[in-house]
Amino acid sequence: MNSALSRALFDAQTKHFNPRLLEVRSWMVNLMSYPILDVTFSHPGRKAFRVRMICSNYDEEPASIELLGEDGFYLAVVPTGSGVINKAKHKKTGRPFICSPGSLEYHTHQSHLNDSWESYKGKPGFDLGGVLTQIHNAWHKTKDVP
């Protein structure tokens with residue numbers, strides 16, 4: 001993937017992350033600098049949940065998505081009950097992962113090799129903000145872990 005094109009897509013898709021949107025959604029941007037989009041979700045009475053999207057080959061490939069604690073360390077145990085936040089260890093990363101179209105880990109998981117990123121790329125809801133929103137909505141359906 002041409003890194004200039006990848007950067008241009010990243011910039012175009014993150015320019016809408018304005019302070020009002022972030023406030024309404026209770027999102028805190030930790031880093032938004034190509035190729036990293038790192039956002040913490042919060043909600044009263046819930047443990048914060050942090051997602052780091054690595055967009056090095058975006059959108060030739062979907063973003064790789066890391067699940068982190070508020071402190072920025074990888075989560076070994078993730079919130080449960082969404083069907084999207086998968087507590088199993090991904091074969092390539094050895095960590096829990098996002099098991100949903102639009103994440104590199106989903107499309108490279110042995111169970112989803114026939115569900116190509118090409119089927120989603122460019123469609124509504126599958127840009128960076130759309131995928132992040134899907135993860136946020138899934139997180140809202142989970143139960144915190146101790």
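## Exercises on a predicted model

In this predicted model, strand β4 supplies the largest share of the lining of the largest cavity, namely 4 residues.

**Exercise 1. Describe the largest cavity by its volume, its lining residues and their classes.**

Solution. Begin with the count: the structure holds 1 cavity of 30 Å³ or more, and the largest cavity encloses about 70 Å³ of space. Next, list the residues around the largest cavity, which are Ser-64, Ile-65, Glu-66, Leu-67, Tyr-74, Leu-75, Thr-93, Arg-95, Pro-96, Phe-97 and Glu-105. Finally, sort this lining by class, which gives 6 nonpolar, 2 polar and 3 charged residues.

**Exercise 2. Work out the order of the strands in the open sheet, and identify the edge strands.**

Solution. The open sheet has 4 strands in the order β1-β2-β3-β4, and their pairing is antiparallel. The edge strands, each of which pairs on one side only, are β1 (27-33) and β4 (64-68). Neighbouring strands of this sheet are turned against each other by 15° on average, with direction ignored. Turning to one pair in detail, strand β3 (residues 49-54) is joined to β4 by 5 bridges, the two running antiparallel, and Arg-50 stands opposite Leu-68 in β4.

**Exercise 3. Does the span of helix α4 agree or disagree with the expected value, and is the helix largely enclosed or open?**

Solution. Helix α4 covers residues 128-140, and at 1.5 Å a residue its 13 residues should span 18 Å. Its end C-alpha atoms are 18 Å apart, so the two values agree. For the second part, count a residue as buried when its relative accessible area is under 20%. Because 10 of the 13 residues of α4 are buried, the helix is largely enclosed by the rest of the structure. The buried residues of α4 are Leu-128, Gly-129, Gly-130, Val-131, Leu-132, Thr-133, Ile-135, His-136, Ala-138 and Trp-139.

**Exercise 4. Locate the cis peptide bonds at Pro-35 and Asp-59, and the positive phi of Ser-26.**

Solution. As background, most residues other than glycine have a negative phi, and most peptide bonds are trans. The bond from Tyr-34 to Pro-35 is cis, with omega near 10°, and Pro-35 has its place in the loop between β1 and β2 (36-41). Tyr-58 and Asp-59 are likewise joined by a cis peptide bond, with omega about 0°, and Asp-59 lies in the loop between β3 and β4. Ser-26, in the loop between α2 (19-25) and β1, has a positive phi near 60°, and with a relative accessible area of 29% Ser-26 is partly exposed.

Key. Residues numbered from 1 in each chain as written. Predicted model: local features only at pLDDT ≥ 70, side-chain atom pairs only at ≥ 80, totals over all residues. Heavy atoms only, no water. Expected span 1.5 Å × (residues − 1). Buried < 20%, exposed > 50% of the residue type's maximum accessible area, 1.4 Å probe, protein only. Pairing = 2+ DSSP bridges. Axes fitted to C-alpha atoms, helices over the stretch in contact; angles between N-to-C directions. 1 Å grid on protein atoms, 1.4 Å probe; cavity = no way out; pocket = protein on both sides within 12 Å on 5 of 7 lines; lining within 4 Å. Points joined across faces, edges and corners; volume = space filled by probe spheres on them. Nonpolar A, V, L, I, M, F, W, Y, C, P; charged D, E, K, R; others polar.
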